[in-house]
Amino acid sequence: MSELTGTRIRTTAVKLGLPHLAEALNQYIQRADEATMGYLDFLDLVLSEELAVKDDRRFRQGLRLSRLPHHKTLDDYDFAFEPDLDPRKVKDLATLSFVEDKANVALLGPPGVGKTHIAVALAVAACRAGYSIYFTSLDDMVRNLKAAEASGRLINKLGTYLRPSVLVVDEVGYQPLERAEANLVFQVVSKRYEKGSIILTSNKAFSEWGQVFGDEVLATAILDRLLHHCEVVPINGNSYRLKNRLQAIERDTDVA
């Protein structure tokens with residue numbers, strides 16, 4: 001390939017929004033020469049590499065906008081520490097069929113057992129697969145919706161929680177809500193019903209949600225829509241955080 005042709009291809013690649021092709025053209029040509037590729041094989045190589053770069057860029061952008069607290073995966077989760085949790089059930093969820101079906105996932109259990117870790121891991125997997133994701137605690141969501149309602153921007157703010165394919169709502173039940181606040185949650189759940197997935201974590205059994213939302217009827221309405229298409233994953237085990245804290249104390253004691 002002549003230098004003039006290479007320059008023209010790089011210029012065209014930039015205009016087409018393929019900066020990686022412009023940068024990696026010589027590498028592609030070298031790989032093609034070493035493998036004595038035909039024209040179609042070379043074209044397949046270039047398009048496959050560019051698609052991989054584009055997908056990785058989209059994935060990283062999706063994570064950046066998701067507000068996830070971390071990017072842990074299921075590989076980082078210690079299933080052995082929670083023997084009552086069937087790893088097959090969680091790994092089945094990681095196939096993301098529930099996202100495709102616009103169904104929900106509820107992770108229930110006491111603090112520290114890894115509910116948020118699993119929720120985030122499922123969201124990361126969804127983002128990798130091309131789905132849009134967004135993370136919020138229930139308290140933050142309610143606070144933001146209340147502020148938007150007070151300033152006449154509620155409809156616009158609701159879009160933040162309605163647009164993503166997967167909405168992660170963390171820490172349901174840690175603080176009781178007033179009825180007006182619970183009604184805002186109902187609006188999100190109701191408008192997402194059969195239109196997008198919710199992954200939620202809660203330290204409260206569903207029987208206690210009437211206390212959480214300050215109204216039994218409203219809690220029932222929320223649960224009715226949430227649980228119609230929902231995988232419920234109870235995690236009843238020991239606390240990771242407490243385990244790590246106790247190990248740290250033991251190490252300090254040994255040193256002393």
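**Figure 1. Here the buried residues of α8 pack against β2, α7, β3 and α9.** Everything in these views comes from a predicted model. Helix α8 covers residues 154-162, and its buried residues are L154, L158, G159, T160 and Y161. One of them, Y161, turns up again in the next view, as a contact of T136.

**Figure 2. A close-up of T136, a residue of strand β2.** The strand itself takes in residues 133-137. With a relative accessibility of 6%, T136 falls under the 20% limit, so it counts as buried. Setting aside residues up to four places away in sequence, T136 touches M141, Y161, L167, V168, V169 and D170. M141 deserves a second look: its backbone nitrogen sits 3.4 Å from a polar atom of the T136 side chain.

**Figure 3. The largest cavity, at about 110 Å³.** L138, V169, V185, V189 and L200 are the closest to the centre of this cavity, out of 14 residues that line it. Five elements each give two or more residues to the lining: helices α7 (138-150), α9 (179-192) and α11 (216-228), plus strands β3 (166-172) and β4 (197-202). What is the make-up of the lining of the largest cavity, by nonpolar, polar and charged residues? The split is 14 nonpolar, no polar and no charged. If you are scanning for other voids, the search of the whole structure finds two cavities of 30 Å³ or more, and the other one gets its own view below.

**Figure 4. The second largest cavity, with about 40 Å³ of space.** Its lining is made of N104, V189, R192, Y193, E194, G196, I198, R225 and L226. Helices α9 and α11 each supply at least two of these residues. Sorted by class, the lining of the second largest cavity comes to four nonpolar, two polar and three charged residues. V189 is on this list and is also among the residues closest to the centre of the largest cavity, which makes it a handy landmark for moving between the two views.

**Figure 5. V189, a residue of helix α9, and its surroundings.** Is V189 buried or exposed? It is buried, because its relative accessibility of 9% is under 20%. Leaving out neighbours within four places in sequence, V189 is in contact with I198, I222, R225 and L226. Of these contacts, I198, R225 and L226 also appear in the lining of the second largest cavity. For a sense of scale, go to D75: it is 114 residues from V189 along the chain, and the two C-alpha atoms are 30 Å apart.

**Figure 6. K102 and E194, two loop residues to check on a phi plot.** Most residues other than glycine have a negative phi. K102 is not a glycine, yet its phi is positive, about 60°. E194 is no glycine either, and it too has a positive phi of about 60°. K102 is in the loop between α5 (97-100) and β1 (104-108), while E194 belongs to the loop between α9 and β4. How accessible are they? K102, at 36% relative accessibility, is partly exposed because that value lies between 20% and 50%. E194 is also partly exposed, with a relative accessibility of 43%. E194 has come up before, as one of the residues lining the second largest cavity.

**Figure 7. L21 in helix α2, residues 19-34.** The relative accessible area of L21 is 11%, and L21 counts as buried. Apart from neighbours within four places in sequence, L21 is in contact with A13, Y28, V46 and E50. L74 is elsewhere: 53 residues separate L21 from L74 along the chain, and their C-alpha atoms are 33 Å apart.

**Figure 8. Two cysteines, C127 and C230, in a structure with zero disulfides.** Which side of the 20% limit is each one on? C127 has a relative accessibility of 1%, so it counts as buried. C230 has a relative accessible area of 21% and is therefore partly exposed. No disulfide is found anywhere in the structure.

Notes
Residues are numbered from 1 along each chain as its sequence is written. This is a predicted model: local features need pLDDT of at least 70, side-chain atom pairs count only at pLDDT 80 or more; totals for chains, interfaces and linings use all residues. Side-chain values use heavy atoms; hydrogens and water are left out. A disulfide is a pair of cysteine sulfur atoms within 2.5 Å. Buried means under 20% relative accessible area, exposed over 50%, partly exposed in between (1.4 Å probe, protein chains only). On a 1 Å grid over the protein atoms alone, a cavity is a set of points where a 1.4 Å probe fits but cannot get out, and a pocket is an open set with protein on both sides within 12 Å along at least five of seven lines; lining residues have an atom within 4 Å of a point. Grid points are joined across faces, edges and corners, and a volume is the space filled by probe spheres set on the points. Helices (H or I, at least four residues) and strands (E, at least two) are DSSP runs, numbered from the N terminus. Ala, Val, Leu, Ile, Met, Phe, Trp, Tyr, Cys and Pro count as nonpolar, Asp, Glu, Lys and Arg as charged, and the others, Gly among them, as polar. A polar contact is a pair of N or O atoms within 3.5 Å; within protein, one must be able to donate a hydrogen and the other to accept it, and residues adjacent in sequence count only if both atoms are side-chain atoms. Contact means heavy atoms within 4.5 Å.
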